[in-house]
Amino acid sequence: MGVVVATLVLQVALPADMVLHPRWLLPAVSALLVVALLLANPGRMTHFSTVERVISLLLVAAVTAVNAFSAVSLVLAIAGGTIGDRAGAVLVTGGTVYWTNIVAFSLWYWEFDRGGPGRRAAGRAEFPDLQFPQMADPGLAHQDWEPSYLDYLYFSFTNSAAFSPTDVLPLRIWAKMTMMLQAVISLVLAVMVVAWAINNLK
């Protein structure tokens with residue numbers, strides 16, 4: 001939850017023409033969703049709750065929507081040559097959008113791997129969608145080991161950085177397609193921002 005809140009706060013650093021308007025709308029809606037999620041489950045998730053899952057998915061969708069808008073705005077501005085000579089703003093925006101993309105996809109993996117954290121905690125998950133090293137080799141962890149959110153965040157980061165699986169393997173089609181989409185977005189962002197920076201930084 002702290003990662004999500006911190007990532008939403010980063011949106012404040014984006015230029016006015018790179019964020020959804022009115023600017024206060026998304027932070028306000030996201031704050032309400034975070035509060036609702038904390039009220040629904042103030043402690044560690046130990047059971048499956050439909051209400052909690054709906055709130056979680058709405059929060060993830062909100063983070064994804066604002067980042068998609070910022071990413072498209074940035075790419076179009078660079079491609080159309082309308083970004084001007086704001087080198088600092090472009091690099092800050094590119095870095096923020098890139099990181100938010102990592103967080104957003106980590107949340108999708110967290111929410112859909114084996115039916116989500118609630119089903120995993122309740123023991124209702126059967127076959128894994130993502131295979132972590134600890135699952136392939138029982139000698140690496142306790143028998144009841146389960147991936148935490150930070151495992152999904154690391155997995156999302158490595159997929160964005162390497163544009164391919166590293167130590168975690170996708171086993172289901174949805175996981176493969178989601179990883180492919182994330183890699184494409186990360187590649188486009190990296191190429192566009194780095195190419196622009198090389199031409200404009202002094």
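Helices here are DSSP runs of type H or I with at least four residues, numbered from the N terminus. With that in hand, the tour can begin; the model on screen is a predicted one.

**Overall view**

Display the whole chain as a cartoon. The protein contains eight helices and two strands, and along the sequence they follow the order α-α-α-α-α-β-α-α-β-α. Of its 202 residues, 38% count as buried. Among contacts with a separation of 6 or more, 72% are made by residues 24 or more positions apart.

**Ser160 in helix H7**

Select helix H7, residues 149–162, and then Ser160 within that helix. Is Ser160 buried or exposed? Its relative accessibility is 0%, so Ser160 counts as buried. Show the residues around this serine: beyond its neighbours within four places in sequence, Ser160 is in contact with Tyr98, Asn101, Ile102, Gln182 and Ser186. Next, draw the distance between the side chains of Ser160 and Ser186, which are joined by a polar contact of 3.0 Å.

**The annotated spans**

Colour residues 25–42, 54–81, 87–110 and 179–198, which an unreviewed UniProt entry annotates as "transmembrane region". Take residues 54–81 from this set: the chain there is 96% helix and 0% strand, with end C-alpha atoms 40 Å apart. Residues 87–110 are 100% helix and 0% strand, and their end C-alpha atoms lie 35 Å apart.

Now extend the selection to the whole of helix H4, residues 87–112. What span should the 26 residues of H4 have at 1.5 Å a residue? The expected value is 38 Å, and because the end C-alpha atoms are 38 Å apart, the model agrees with it. After H4 comes Arg114, whose phi is positive, near 55°.

**Two salt bridges**

Keep Arg114 selected and add Glu146. These two residues form a salt bridge in which the closest N and O atoms are 2.5 Å apart. The pair links distant parts of the chain, 32 residues apart: Arg114 sits in the loop between H4 and helix H5 (117–121), and Glu146 in the loop between helix H6 (133–136) and H7. Arg114 is buried, at 12% relative accessible area, whereas Glu146 is partly exposed, at 37%.

The count of salt bridges comes to two. For the other pair, select Arg172 and Asp129, where the closest N and O atoms are 3.7 Å apart. Arg172 belongs to the loop between strand S2 (169–170) and H8, and Asp129 to the loop between H5 and strand S1 (130–131), so the salt bridge ties together parts that are 43 residues apart in sequence. Arg172 counts as partly exposed, with 34% relative accessibility; Asp129 is buried, with a relative accessible area of 6%.

**The nonpolar cores**

Finally, show as spheres Ala71, Leu74, Ala77, Ile78, Ile83, Ala87, Val90, Val97, Leu189, Val193 and Trp196, the 11 residues of the largest nonpolar core. Helix H3 (50–80), H4 and helix H8 (173–200) each supply at least two residues of this core. Which helix gives the most to this core? That helix is H3, with four residues. Apart from this core lies another, of nine residues; Leu130, Tyr152, Val168 and Met179 are among them.

Methods:
Residues are numbered from 1 along each chain as its sequence is written. This is a predicted model: local features need pLDDT of at least 70, side-chain atom pairs count only at pLDDT 80 or more; totals for chains, interfaces and linings use all residues. Side-chain values use heavy atoms; hydrogens and water are left out. Buried means under 20% relative accessible area, exposed over 50%, partly exposed in between (1.4 Å probe, protein chains only). A polar contact is a pair of N or O atoms within 3.5 Å; within protein, one must be able to donate a hydrogen and the other to accept it, and residues adjacent in sequence count only if both atoms are side-chain atoms. Contact means heavy atoms within 4.5 Å. The expected span of a helix is 1.5 Å times one less than its number of residues. UniProt positions are given in the numbering used here, feature names are shortened, and annotations may be inferred rather than shown by experiment. A nonpolar core is a set of buried Ala, Val, Leu, Ile, Met, Phe, Trp, Tyr and Cys residues joined through side-chain atoms within 4.5 Å. A salt bridge is a side-chain nitrogen of Lys or Arg within 4 Å of a carboxyl oxygen of Asp or Glu.
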